[in-house]
Amino acid sequence: MTPPEQRRSLPLIVAQLVRYGAVGLSNTLIGFGVYALCLDLLAIHYEVSLAIAYVIGAVNGYLLNRYWTFSGHDADHATSGWRYAAVQIAAFLTNLALLHAAVAWLAVEKNIAQAVIVPIVFALTFIPNRLWSFAHRGPPIAPFAGGSHGR
């Protein structure tokens, strides 16, 4: 039998995962737009294009995840910011390694390779961001709530 605490937290985790997915989708759209612009229009090397896209997407992701997904209003920016940055740097390095391998070793087209890699990196970042970057220390929040905590 599942303990009551776990039954209550499961809807919250699912709600956070759904919101994290929405934020990830916005990051992906922004990131792909910036990546394609840098790569195709500005003729910037694909690995540098990825770095630029990641920085812009990370800023968007930090703000949306902090205030909406994980409602981290009680976490200071210094703590959640550097933790989020650490997770994003690890995600970027993972993405970069996978992208390089796909393009250089497997001869996959750059945009297609990145499209395949995005869901993998998304899956790898949810748990560290939930449990570490934006660890919620305040009262429990309602699933699918806007994160206002009644304020």
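Let me begin with a term: a residue is called buried when its relative accessible area is under 20%, exposed when it is over 50%, and partly exposed in between, with a 1.4 Å probe and protein chains only as cover. By that scale F122, at 29% relative accessibility, counts as partly exposed.

What you see above is a predicted model, in which local features need pLDDT of at least 70 and side-chain atom pairs count only at pLDDT 80 or more, while totals for chains, interfaces and linings use all residues. Residues are numbered from 1 along each chain as its sequence is written, and side-chain values use heavy atoms, with hydrogens and water left out.

First, the overall layout. The protein has 4 helices and 0 strands, where helices (H or I, at least four residues) and strands (E, at least two) are DSSP runs numbered from the N terminus. Along the sequence the pattern is α-α-α-α, and buried residues make up 36% of the 151 residues.

Now to the helices themselves, for which the expected span is 1.5 Å times one less than the number of residues. For α3, residues 77-105, the 29 residues should span 42 Å at 1.5 Å a residue, and the end C-alpha atoms are 40 Å apart, which agrees. Helix α2, residues 46-69, falls short of its expected span: it has 24 residues and a straight helix would reach 34 Å, but its end C-alpha atoms are only 30 Å apart. Helix α4 also has 24 residues, and its end C-alpha atoms are only 30 Å apart, short of the 34 Å of a straight helix.

Where does α4 bend? The bend, of about 30 degrees, is at T125, and a proline, P128, follows within four residues; the bend at a residue is the angle between axes fitted to the seven residues ending there and the seven starting there. T125 is itself one of the buried residues of α4, a list that also includes A113, I117, V121, F126 and N129. In α3 the buried residues include Y84, V87, F92, N95 and L99.

Helix α2 also holds G61, which at 0% relative accessibility counts as buried. G61 and A22 are 39 residues apart in sequence, and their C-alpha atoms lie 10.0 Å apart in space.

Let me turn to the aromatic residues. Rings of Phe, Tyr and Trp (its six-membered ring) pair if their centres lie within 6.5 Å, and planes under 30 degrees apart count as stacked, over 60 as edge-to-face and the rest as tilted. By this rule the count comes to 10 aromatic pairs. In one of them, the rings of Y20 and F122 have their centres 5.2 Å apart and their planes at 35 degrees, so the pair is tilted. Y20 lies in helix α1, residues 4-41, and F122 in helix α4, so this pair ties together parts that are 102 residues apart in sequence. Y20, at 5% relative accessibility, counts as buried, whereas F122 is partly exposed at 29%.

W82 and W132 form another pair, which is edge-to-face, with 5.3 Å from centre to centre and 85 degrees between the planes. This pair links distant parts of the chain, with W82 in helix α3 and W132 in helix α4, 50 residues apart. W132 counts as partly exposed, at 33% relative accessibility. Ring pairs also link Y20, Y62, F70, Y84, F122, F126 and F134 into a cluster.

On the surface, L98, I112, V116, I120 and L124 make a nonpolar patch of about 450 Å². Patches are made of residues with over 30% relative accessible area and no salt bridge, with like charges joined within 9 Å and nonpolar side chains (Val, Leu, Ile, Met, Phe, Trp, Tyr) within 5 Å; a salt bridge is a side-chain nitrogen of Lys or Arg within 4 Å of a carboxyl oxygen of Asp or Glu, and areas come from the Shrake-Rupley method with a 1.4 Å probe, for residues with only the protein chains shown as cover. The largest share of the patch, 4 residues, comes from helix α4, residues 110-133. L98 is found in helix α3 and is partly exposed, with a relative accessible area of 35%.

Finally, the backbone. Most residues other than glycine have a negative phi. A43, although not a glycine, has a positive phi of about 55 degrees; it sits in the loop between α1 and α2 and is exposed, with a relative accessible area of 65%. A107, also not a glycine, has a positive phi of about 60 degrees, lies in the loop between α3 and α4, and is exposed at 67%. After α2 comes S71, whose phi is positive, near 45 degrees.
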